[in-house]
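Q: Please take a close look at the salt bridges in this model, and explain which parts of the chain they connect.

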Amino acid sequence: TIPAFRNWKWTDLAACSVALGLALTAKHSAPVFLIFVFLTGCVRVLGPSAAGVRRPRLLRFGMVLAVLVGALTVLWASYGFRYTESSASSDVFNRPLGDKIADVQSPVYRAALQGMRTLHAVPRAYIWGLADTVRAGLQGRVIPITAFGRAYIDRAPKYYFPATIALRLPIGLTALVLIGLFAFAVRRVSTEGMATVLAAAALFLIVLMAGSTYAGIRHAMPVVVLLAIVGGFG
């Protein structure tokens with residue numbers, strides 16, 4: 001994302017698109033980063049262009065959309081460009097897709113999932129999995145969590161995930177992350193690159209804090225990976 005929206009070269013944009021598509025294929029939390037990439041591209045379109053970039057603003061916005069379309073194409077390719085999960089016309093899940101979407105309590109998420117189903121925006125099996133992820137990851141499961149001396153059901157305090165990440169990071173990586181943040185504060189590293197990584201980590205952390213806590217550090221691993229990049233800066 002960083003070189004793609006800095007230089008606006010088709011090779012960088014294609015690499016960003018393929019990486020994003022593979023992320024969507026691998027994990028149902030990746031739509032958070034799809035949104036992040038789109039927002040980052042829009043900010044760079046509206047902001048000043050880097051030196052040597054002569055592409056019109058409208059063309060750059062079209063390039064941002066092309067990255068998203070390419071990522072969805074990679075996702076569709078992983079499902080063989082088929083909307084249905086089998087040759088049967090009706091779904092063959094252990095729970096009907098309509099019921100799975102109805103389980104989602106949030107009207108916003110439910111409408112988004114229903115819209116994806118109506119428009120056939122992504123394969124049906126992907127929508128089923130995404131509905132399950134939204135229901136379990138954001139609404140929670142009835143699983144007790146013991147954290148910081150207290151027991152919680154579904155949701156712990158907002159500081160649960162930041163504190164869990166801080167406690168679970170290896171001491172050496174924590175030291176490198178702090179060095180990287182200090183280098184960023186005194187402008188000894190690429191501020192653009194570091195700011196993009198930190199913004200991605202912050203967005204994903206906000207989503208985690210708004211959801212349930214049953215999976216602990218397993219759900220927070222993307223943040224750990226991004227913090228490792230900060231450590232690399234260090």
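A: A salt bridge here is a side-chain nitrogen of Lys or Arg within 4 Å of a carboxyl oxygen of Asp or Glu. The model is a predicted one, and a search of the whole structure finds 6 salt bridges.

One of them is formed by Arg 124 with Glu 85, whose closest N and O atoms are 2.9 Å apart, and this distance falls within the 4 Å cut-off. Arg 124 belongs to helix H7 (residues 124-139), whereas Glu 85 sits in the loop between helix H4 (57-78) and helix H5 (97-102), so the pair ties together parts that are 39 residues apart in sequence. As for the surroundings of the two partners, Arg 124 is buried, with a relative accessible area of 8%, while Glu 85, at 25% relative accessibility, counts as partly exposed; the reason for these two labels is that buried means under 20% relative accessible area, and partly exposed covers the range between that value and 50%.

Helix H7 also takes part in a salt bridge between Lys 100 and Asp 132, where the closest N and O atoms are 2.9 Å apart. Because Lys 100 lies in helix H5 and Asp 132 in helix H7, this pair ties together parts that are 32 residues apart in sequence. Both Lys 100 and Asp 132 are buried.

Asp 132 has a further partner in Arg 135, the two side chains meeting in a salt bridge with an N to O distance of 3.2 Å. Here both residues lie in helix H7, 3 residues apart, which is about one turn of the helix. Elsewhere, Arg 6, Arg 44 and Glu 192 are joined into one network by salt bridges that share partners.

To place these pairs in the whole chain, the protein chain holds 11 helices and 2 strands, which follow one another along the sequence in the pattern α-α-α-α-α-α-α-β-β-α-α-α-α. Of its 234 residues, 40% count as buried, and among the contacts with a separation of 6 or more, 68% are made by residues 24 or more positions apart. The Arg 124 and Glu 85 pair, at 39 residues apart, and the Lys 100 and Asp 132 pair, at 32, both have separations within that range of 24 or more positions. As for charge over the whole protein chain, there are 23 positive and 8 negative charges, and their mean positions are 11 Å apart.

How values were computed. Residues numbered from 1 in each chain as written. Predicted model: local features only at pLDDT ≥ 70, side-chain atom pairs only at ≥ 80, totals over all residues. Heavy atoms only, no water. Helix = DSSP H or I, 4+ residues; strand = E, 2+ residues; numbered from the N terminus. Buried < 20%, exposed > 50% of the residue type's maximum accessible area, 1.4 Å probe, protein only. Contact = heavy atoms within 4.5 Å. Lys, Arg positive; Asp, Glu negative; His and termini not counted. Charge placed at Lys NZ, Arg CZ, Asp CG, Glu CD.
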